[in-house]
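Hi,

Here's the structure I said I'd pass along. Have a look at it first, and then read on for my notes.

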Amino acid sequence: MIIVMRHGASEENIQKVIDLIKLKGREAHISKGESHTIIGAVGEKVIDPREFELIDGVKEVIKISSSYKLASRIFKEDDTIIEVNNEKFGGEYSGMIAGPCTIENEEQIFECARIMSESGVKIIRGGAFKPRTSPYSFQGLGEEGLKLIRKAADKYNLAVTSEVMEISQIPLFLKYVDILQVGARNMQNFNLLRELSKIKKPVILKRGLSATINEWLMAAEYILSGGNREVILCERGIRTFEVATRNTLDLCAIPVVKKLSHLPIIVDPSHGTGLRDKVVPMSLASLAAGCDGLIIEVHNKPECALCDGAQSLYPEQFRELYKKLKQLAPVVGKKI
Ligand code: PEP
Ligand code: MN
């Protein structure tokens with residue numbers, strides 16, 4: 001249930017609503033918008049909306065039938081904007097994250113960081129713990145990889161995002177990384193999501209390989225409900241009957257999510273297509289559809305990459321793409 005306060009409702013009345021929510025055994029989540037304060041009553045305990053309607057200053061009590069509440073646009077009308085290292089995601093902003101699939105060695109990650117920085121990118125990506133389909137494929141450098149990407153990022157003034165695969169790794173990530181990424185395979189690892197709800201760093205939540213948008217928003221709700229409001233959704237392609245591309249990039253998820261939720265949604269056209277020649281058109285299409293950012297794989301030498309070389313852009317290709325995205329942005333009402 002969501003309680004919308006009248007414009008200018010007093011702090012005392014807002015507090016009365018919060019106290020009553022708690023008395024009824026639910027949790028109160030407050031969202032202060034420009035015109036209204038909205039209070040979410042989250043939990044399973046049955047409550048009677050009339051008791052809230054009787055409190056002065058209450059404009060409206062809305063029963064929510066969707067199972068996510070904090071992720072819902074009803075709870076928070078204005079877009080959530082997440083800022084990391086002066087790069088913004090959400091609202092009118094479309095942010096950029098780019099870098100290699102995985103951290104391979106010192107030379108490679110420093111070279112990638114240099115290329116990113118020279119291209120104007122402010123956030124570098126790179127996996128240290130890789131969820132590979134085969135146990136025989138390169139699994140990542142682990143903590144050593146995180147140390148390397150941190151060092152390289154610091155040298156070039158970049159922020160870092162990397163995928164956290166399990167709860168026990170969280171302290172390590174808090175030490176080295178600015179944005180924690182939950183991979184598609186872990187979207188419904190609810191124990192991991194619950195732990196990430198307690199941290200004070202943004203989380204990129206990738207869409208599961210066969211997750212519906214409702215399931216994805218429910219997964220975001222796990223992170224939000226524990227107190228972490230900085231969730232960036234990431235569409236990275238879903239599994240369909242089509243095999244011409246690695247996954248089917250669901251661009252329609254962008255307008256659908258933006259209607260249902262206030263959370264920023266970014267797109268990963270690299271995993272979404274699996275082929276570098278498809279990354280450029282799909283990045284442009286994502287921006288045209290209103291995405292709040294992109295996460296793109298770029299490698300200094302894609303043909304030598306230990307992981308996902310075929311979908312990694314050449315540095316020059318990336319520079320060209322970034323230029324085109326900047327040209328397109330104002331046409332579709334976005335700022336890069
Ligand atoms: C990645 O970004 O490196 C990755 C493994 O992506 P996904 O979880 O979307 O497959
Ligand atoms: Mn990859």
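Which domains does the lining of the largest pocket draw at least three residues from? Keep that one in mind while I go through the layout; and do bear in mind that this is a predicted model.

First, the domains. The chain splits into domain 1, covering 2–62, and domain 2, covering 82–332. Measuring between their C-alpha centres, domain 1 and domain 2 are 36 Å apart.

Now back to the question. Both domain 1 (2–62) and domain 2 (82–332) give at least three residues each to the lining of the largest pocket. The volume of that pocket comes to about 400 Å³. It is lined by 18 residues, and V42, G43, E44, S67 and K69 are the ones closest to its centre. If you go by element, helix α7 (residues 213–225) supplies the largest share of this lining, with four residues. By class, the lining of the largest pocket has seven charged, six nonpolar and five polar residues.

There's a second largest pocket too, with about 250 Å³ of space in it. Here 20 residues form the lining, and those closest to the centre are K130, P131, E163, R185 and H271. Sorted by class, the lining of the second largest pocket comes out as nine charged, seven polar and four nonpolar residues.

On to the sheet. What is the order of its four strands? Reading across, you get β2-β3-β1-β4, in an open sheet with antiparallel pairing. The edges are β2 (27–32) and β4 (58–62), each of which pairs on one side only. Leaving direction aside, neighbouring strands in this sheet are turned by 20° against each other on average. As a quick reminder, strands of a sheet pair through backbone hydrogen bonds, either parallel or antiparallel.

For a closer look at one pairing, take β1 (residues 2–5) and β3 (residues 37–42): they run antiparallel and are joined by three bridges. To find one on screen, start from I2, whose bridge partner in β3 is G40.

Then there's the helix that goes with these strands. Helix α1 (residues 11–23) lies across β1, β2, β3 and β4. Relative to β3, helix α1 runs at about 10°.

If you only have time for one stop, I'd go to the largest pocket, with V42, G43, E44, S67 and K69 closest to its centre, and look at how domain 1 and domain 2 each contribute to the lining.

Cheers

Technical notes: Residues numbered from 1 in each chain as written. Chains lettered and ligands numbered in written order. Predicted model: local features only at pLDDT ≥ 70, side-chain atom pairs only at ≥ 80, totals over all residues. Heavy atoms only, no water. Domains from an automatic or database assignment. 1 Å grid on protein atoms, 1.4 Å probe; cavity = no way out; pocket = protein on both sides within 12 Å on 5 of 7 lines; lining within 4 Å. Points joined across faces, edges and corners; volume = space filled by probe spheres on them. Helix = DSSP H or I, 4+ residues; strand = E, 2+ residues; numbered from the N terminus. Nonpolar A, V, L, I, M, F, W, Y, C, P; charged D, E, K, R; others polar. Pairing = 2+ DSSP bridges. Axes fitted to C-alpha atoms, helices over the stretch in contact; angles between N-to-C directions. Contact = heavy atoms within 4.5 Å.
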